[in-house]
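Subject: Structure for you to look at

Hello,

I am passing on the structure we talked about, and below it you will find some notes to read alongside it. Please keep the sequence and the 3D view open together as you go through them.

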Amino acid sequence: MLSAIAARKAAQANRQDADVPEKAVVVPTEKLEDVSPPVKPSKRKSSTQNLTAPKRKREKRTPTKTPRYFTEEDSSKTQGDVIVIDSDGEVLSDDPATPDPTISKGRWSPSIPLNDSSDEEVDDISFETPFAAASSNHEARSPDVFSTFQPISGQNTFFIDPAEMSALRIEGDTSQRVTLVALRPEETLCLLGTYIVSVLQGSVTLSGVTLSSSPRIHRVFAPRSAPLPVLEGVDGTGSIAQIRQLPLATHSMISTPVALVLLQELRSNVDGLGDICRTFDNIFKPSRWQKSVTSPFQLSNVYMVQSQTKDVQVFEVPISWKRALAIKTPDHPTPVHFVRGPKRSGKSTFARTLVNSLLVRYQKVAYLECDLGQSEFTPGGMVALNVISTPLFGPPFTHPTLPISAHYIGATTPRSSPSHYLAAVQAIIETYRLDVQTPAISWQTDEEDTRISEYIPLVVNTMGWNKGLGADLTAKLQDIAEPTDIYEIESPFDPAWPTPAPRDTYLAPSSHPTKLHLIKPAPTSALSDNYSAADHRSLSIMSYLHAVFPSCPPPADDLSQTTALSWNTSLPLCAQSPFEVDCAQSFDKIILTGAGTEDVVSSEVARVLNGALAALVSCTPGTLDVDLDTESAISHFPYTQGFAAPSPASSRCLGLALVRSVSPELPMKLHVLTPIPHSLLVDGRVLVKGELELPIWGMLDHTSNGGQVAGVENEKVPFLQWGKGEGVGGEKRRIRRNLMRRGQM
């Protein structure tokens with residue numbers, strides 16, 4: 001309708017002006033509505049002079065007149081220059097060599113369909129030259145190559161027998177399969193799975209850390225749920241003393257500018273956690289998208305990744321991270337590194353990389369975890385201090401560690417107990433300064449190890465809550481820690497990211513010099529869409545409960561790292577043999593913390609503890625009021641309603657335990673599962689129940705084919721319900737994530 005009306009008006013104006021030929025009027029129909037003011041009086045004049053205009057319009061709509069106009073040759077395709085009159089009075093010319101989509105859309109032709117508002121967006125994309133060029137370049141660009149190393153047996157890949165392996169005096173199990181790889185400088189090798197790395201000659205980089213020739217081994221966990229580490233050759237200088245004990249076929253590679261890397265199998269049964277947490281099923285194996293993955297090293301559960309796929313990403317250290325890590329704090333023997341930043345910015349990844357870089361200079365590094373939701377070495381809900389002596393090559397669930405000192409908060413955020421949270425951090429900082437920073441005893445070290453052993457630096461990882469109360473807590477944590485270096489991860493200019501607090505609130509005046517390092521956030525990863533923070537938290541808890549720690553760990557005064565080296569995933573938690581604990585004899589106090597727990601009476605405590613995740617706390621003798629009131633004395637149950645949590649200054653959390661069941665009759669007995677070594681359980685006389693709960697994966701039986709849990713039918717299993725829920729709100733909540741605010745559009 002718009003083009004027909006414009007055509008009639010153009011023909012009517014042509015008849016009134018005989019001097020202007022009809023063929024010379026070629027005006028775009030879309031631009032005719034936006035005619036400039038000088039043209040409008042002519043339209044009004046033509047309508048007033050010709051009183052029989054309606055009759056002429058009806059005559060022009062006859063079939064004899066229509067072909068005369070529409071059967072003309074399209075002038076937009078034949079003429080060189082077309083003048084388009086815009087509403088702003090601008091004169092635009094069309095250049096045939098460089099077509100402009102804006103001008104092309106303004107021309108009218110009977111063979112070109114009219115562009116309305118619904119097709120405007122599609123036409124802009126299809127005719128826009130820069131977008132087309134970008135898409136063509138994307139199609140021509142080859143996928144990113146992760147592994148430039150091409151294994152050739154007998155040339156750069158050698159298979160070593162276990163008997164030849166024992167002569168090298170390398171740590172670890174010498175009965176496993178071993179493969180020797182020769183990496184040239186800047187040659188990369190990306191592996192998926194679990195393996196052990198030892199550098200026999202030269203040096204390589206792994207996750208931003210340079211590993212030189214040494215008989216020490218490094219355990220590497222590379223699942224698809226996290227960025228994969230990449231081995232890259234640096235040089236071939238230096239070697240271990242027993243390098244000549246290698247087979248004769250490899251002697252041609254000795255004293256050449258290549259790095260000789262020894263790869264061993266790592267059998268820790270960590271891949272069994274994927275059978276328990278089905279969200280992470282087969283994360284140590286290639287997916288169906290990884291067609292370029294091969295296994296040329298004759299090692300079980302070790303695969304070489306050559307190119308990028310939709311569910312795999314490699315770990316790359318940003319340039320700003322490298323610059324910040326290369327700066328050394330002068331004139332300060334014990335630096336304190338404080339890491340802060342918003343959520344989903346790579347804060348924990350940077351803190352892990354910082355620990356690995358400090359281990360190049362120091363034999364041991366202390367790590368204070370203040371992020372209750374995403375803990376590195378312990379399950380969530382506790383503030384913990386760990387002393388690390390080996391580099392970390394894997395996500396948090398692959399290195400559960402017994403802390404030197406810890407305090408249980410019982411929640412993934414300090415919102416409900418900020419004062420208890422600050423008191424716990426203050427107590428751990430005092431423990432670090434008195435017992436860890438400058439240890440009174442010297443541990444046994446290798447004579448060839450020239451790293452610093454007299455001092456232990458500290459890395460403080462904070463939470464990502466940086467607004468309101470969270471910003472105030474972070475500022476108080478900085479005042480307590482008194483850092484020498486502050487690493488602040490900047491927030492990108494994106495409405496979806498929280499606005500950071502002003503830096504003036506962080507850089508408060510202090511008596512000690514503080515250096516601020518501004519670094520960029522970690523690159524956005526597609527893996528964050530596959531696994532949420534709650535999924536990683538559940539996996540961390542299940543990894544802790546199935547971990548196998550040494551039966552006799554060293555004392556806390558030794559400042560040794562006690563990390564689980566294997567996992568027992570053969571049986572579910574509901575089928576493992578528990579400890580039977582008498583509450584009246586084994587516990588001095590049972591405490592409930594969290595919002596609403598002060599209203600729980602003694603008769604309901606058994607229901608609260610049944611199937612609960614609780615902490616075993618050791619208190620200094622004489623600091624806890626163990627006098628039982630009348631109600632608890634009658635029930636032989638050491639519980640007092642509304643009792644406060646133990647003071648962090650006189651208590652220490654040993655670890656978590658699962659109360660699998662509670663006996664209904666008195667005296668009350670508990671069935672408890674815990675990975676804590678037996679030698680430490682004698683000190684856990686206080687049981688603290690917080691807001692953390694056991695994930696749903698801990699209640700299921702991953703060994704059954706379905707229909708049963710530990711031999712019990714699904715309908716008879718407590719705490720679980722199969723099928724749809726009953727009543728209002730019983731079904732799964734549906735959340736729409738495709739709605740955007742006006743500011744996000």
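I will begin with S268, which, once its neighbours within four places in sequence are left aside, is in contact with F221, L565, S566 and W567. Please bear in mind throughout that this is a predicted model. S268 sits in the loop between β9 (259-265) and α11 (273-276), and because its relative accessible area is 2%, where anything under 20% counts as buried, S268 is a buried residue. It is also worth finding Y195, which is 73 residues away from S268 in sequence, while the two C-alpha atoms are 9.7 Å apart in space.

Two other loop residues can be looked at as a pair, since each has a positive phi without being a glycine: for E186 the angle is about 70°, and for S207 it is near 55°. E186 belongs to the loop between β4 (178-183) and β5 (188-206), whereas S207 belongs to the loop between β5 and β6 (209-212). Are these two residues buried or exposed? E186 has a relative accessibility of 66% and therefore counts as exposed, the cut-off being over 50%, while S207, with a relative accessible area of 13%, is buried.

The remaining notes concern helix α14, which runs through residues 418-436. Its 19 residues, at 1.5 Å a residue, should span 27 Å, and because the C-alpha atoms at its ends are 26 Å apart, the model agrees with that expectation. Several residues of α14 are buried, among them H420, Y421, L422, A424 and V425, and further along the helix I428, I429, Y432 and V436. The elements that cover these buried residues include the strands β12 (365-369), β13 (382-388), β15 (405-408) and β16 (458-461), together with the helix α15 (469-481).

How do α14 and α15 lie relative to each other? Their axes come within 10 Å and cross at roughly 20°, and because angles under 35 degrees count as roughly parallel, the two helices are described in that way. The crossing is right-handed. On the α14 side the contact is made by P418, Y421, L422, V425, Q426, I429 and R433, and on the α15 side by L473, K476, L477, I480 and A481. Sorted by type, the residues of this contact comprise 9 nonpolar, 1 polar and 2 charged.

Best wishes

Methods: Residues numbered from 1 in each chain as written. Predicted model: local features only at pLDDT ≥ 70, side-chain atom pairs only at ≥ 80, totals over all residues. Heavy atoms only, no water. Helix = DSSP H or I, 4+ residues; strand = E, 2+ residues; numbered from the N terminus. Expected span 1.5 Å × (residues − 1). Buried < 20%, exposed > 50% of the residue type's maximum accessible area, 1.4 Å probe, protein only. Contact = heavy atoms within 4.5 Å. Axes fitted to C-alpha atoms, helices over the stretch in contact; angles between N-to-C directions. Parallel < 35°, antiparallel > 145°, perpendicular 65-115°, else oblique. Left-handed = near helix turned anticlockwise from the far one by under 90°. Nonpolar A, V, L, I, M, F, W, Y, C, P; charged D, E, K, R; others polar.
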